[in-house]
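Okay, let's get going. I'd like to talk through some helix packing and then a contact between chains, so have a look at this one.

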Amino acid sequence: MVTHSRAPLRAHRLRPLNLPRPVDIALDVHGQPTAVTEDGDARAVVAVNEIWRVNDEWWREPIARRYADLVLEGGAHVIVYEDLTTGQWFAQKP
Amino acid sequence: MTGIRHDHWVSGDRNRHLARYRRPHGDATLSSDVAACVWIPLFALRCEERRRPELATKPTAILSADNTRRLWLVSSRARRFGVRPAMTVNQAVGLCPMLTLCEPDPVYYDEQFASLVSTLTSISPVVEPTELGRVFVGVDGLEHLYGSPERQTDAIVNAIGAKRPGYETLRIGWASGKFIAWVAATRAKPGCPVIVPDHERRAYLSPQPVATLQIDSDTHRLLHQLGLTQLGDIARLPEAALVSQFGKEGRRIWQLASGATSDPVTGYVAPSPIVATLDFPNPIADRTMLSHSIDRLVERALRHPRRTGWRIQQVRASADLEQGASWMASATLQDPSADAGHIAAPLKVRIDQTPPTGAVEKLTIAFTEFVRGGDLLQLFARDAASAARAGRQRALRAVVNEIKVRFNRSGLYHIVEVHPWSRIPERRYALIDYDP
């Protein structure tokens with residue numbers, strides 16, 4: 001049996017930043033986001049800067065997301081994505 | 001610090017109606033739209049004449065504190081011989097053999113000026129010193145106490161005691177806003193204040209020379225090249241023309257020249273300094289010893305009970321030299337600090353660059369401006385920036401230890417890059433415990 005080294009446990013622990021937050025997204029007929037609702041606060045989308053897809057890590061837990069870079073009314077800048085495996089939408093800071 | 005002192009300033013009924021409050025950024029600030037500019041030209045020379053009245057009848061000059069081979073201030077009698085500021089002593093004595101040269105005594109000038117400012121606070125609580133010998137007094141509401149502007153300026157003259165030796169050259173300008181009051185003071189004669197009523201401000205400014213604007217020499221030269229010699233020439237131009245030529249400064253120039261803006265007097269808050277002094281029975285001139293003494297004095301001043309909870313923004317070192325001269329250096333810290341090394345560093349640089357001109361008999365360190373440091377996290381953030389720049393981790397360790405003692409954990413984290421180019425945003429950065 002290996003004796004306890006009595007070395008202090010590592011205090012360094014990574015904590016993820018910018019975790020995605022679930023949001024509701026209203027879409028137009030072309031599937032473009034038109035409004036973002038978070039915590040009951042709905043804000044219209046005034047500009048869609050960019051849309052892109054990410055398909056990754058198919059060898060373990062597949063990631064399939066459709067991202068959109070949005071400008072909301074009032075000037076807020078937000079990244080939203082649709083989890084294509086569940087259909088749920090999330091928001092993140094740019 | 002301002003918050004503390006203002007309570008005292010406006011505590012009396014008399015002062016209550018003299019000034020109104022503004023609250024920019026949450027801080028109470030005394031201000032006054034109407035200003036009286038109190039100006040004593042060549043203030044340092046006047047100070048020398050106050051303690052040595054015989055100088056008043058002689059051509060006199062004060063040597064520069066930075067370079068004692070050059071002149072700093074020159075009396076009008078010396079000017080008649082062609083002596084000018086920044087001349088070398090050899091040149092000046094060549095032009096005027098009977099010239100009396102004075103060693104600079106900045107500590108004495110500063111004391112005299114502080115006394116003048118203190119005197120003016122008996123007239124109005126809104127007092128703003130701008131440079132040695134020039135002070136703006138806010139006079140909003142003084143009509144209730146003294147009456148007309150003429151009576152207000154009389155009250156100022158009486159308070160200062162313009163009949164006292166050295167202050168006969170006192171000039172006063174009274175107007176709405178500091179700039180017009182300053183222009184009026186430059187046009188005033190001793191004993192005859194110039195009062196500019198508000199409805200005459202534009203007409204008064206119009207014939208004044210462009211030199212009254214406090215702008216850099218390049219802009220002055222450019223205005224001259226454009227044929228703009230009077231403020232009226234500038235005011236007649238469209239504001240947009242000045243802005244396109246000089247940018248933001250052009251807008252300010254146009255607004256001042258046209259009387260479109262009146263810059264209010266902002267109340268001066270006299271801080272109660274924390275002072276530490278060291279007497280040298282055997283005067284010292286060695287720079288290393290002086291630097292060492294500054295370190296010790298700063299540490300001693302930091303231990304003063306009144307300093308607790310405050311960081312230092314401005315520090316001043318002064319020295320009494322042999323043969324009655326003095327030396328002074330002050331520094332404003334960009335990052336207010338409670339770290340002795342950080343506070344002493346700029347003073348030691350001054351010791352190296354412009355050392356005292358003689359052996360030091362008494363050295364004094366004074367903390368003259370303070371910034372509240374009671375908020376622990378704010379203290380951490382501010383001191384982290386300055387300490388890191390100086391290569392020091394001691395301040396950080398102290399703060400983290402203090403937080404750990406109080407909360408059993410620091411709760412402080414670094415942000416570290418994990419996969420900064422990841423296409424998945426939440427994988428780019430992470431928090432990690434901060435442990436300096």
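Quick bit of vocabulary before I start: we call a crossing left-handed if the near helix is turned anticlockwise from the far one by less than a right angle, and right-handed if it's turned clockwise. And keep in mind that what you're looking at is a predicted model.

With that in hand, take α6 of chain B, residues 106–120. α6(B) passes α8(B) in a right-handed crossing. Helix α8 covers residues 149–160 of chain B, and the two pack at about 135° with their axes 9 Å apart. Angles of 65 to 115 degrees count as roughly perpendicular and those over 145 as roughly antiparallel, so α6(B) comes out oblique to α8(B). On the α6(B) side you've got B:Leu116, B:Thr119 and B:Leu120, and facing them B:Ile156, B:Ala159 and B:Ile160 from α8(B). That's five nonpolar residues, one polar and no charged.

Now, what does α6(B) do with α3(B), residues 43–51? Here the angle is about 95° and the axes are 10 Å apart, so these two are roughly perpendicular. B:Phe43, B:Ala44 and B:Cys47 of α3(B) meet B:Tyr108, B:Tyr109, B:Gln112 and B:Phe113 of α6(B). The split is six nonpolar, one polar, and again no charged.

Last stop, the chain contact. Chain B puts 11 residues against 15 of chain A. Strand β17 of chain B, residues 429–433, gives the most to B's side, with five residues. That side has seven nonpolar residues, four charged and no polar. β17(B) also pairs with β1 of chain A, residues 15–16, antiparallel over two bridges, and A:Pro16 sits opposite B:Ala430.

How values were computed:
Residues numbered from 1 in each chain as written. Chains lettered and ligands numbered in written order. Predicted model: local features only at pLDDT ≥ 70, side-chain atom pairs only at ≥ 80, totals over all residues. Axes fitted to C-alpha atoms, helices over the stretch in contact; angles between N-to-C directions. Helix = DSSP H or I, 4+ residues; strand = E, 2+ residues; numbered from the N terminus. Parallel < 35°, antiparallel > 145°, perpendicular 65-115°, else oblique. Contact = placed C-beta atoms within 7 Å. Nonpolar A, V, L, I, M, F, W, Y, C, P; charged D, E, K, R; others polar. Pairing = 2+ DSSP bridges.
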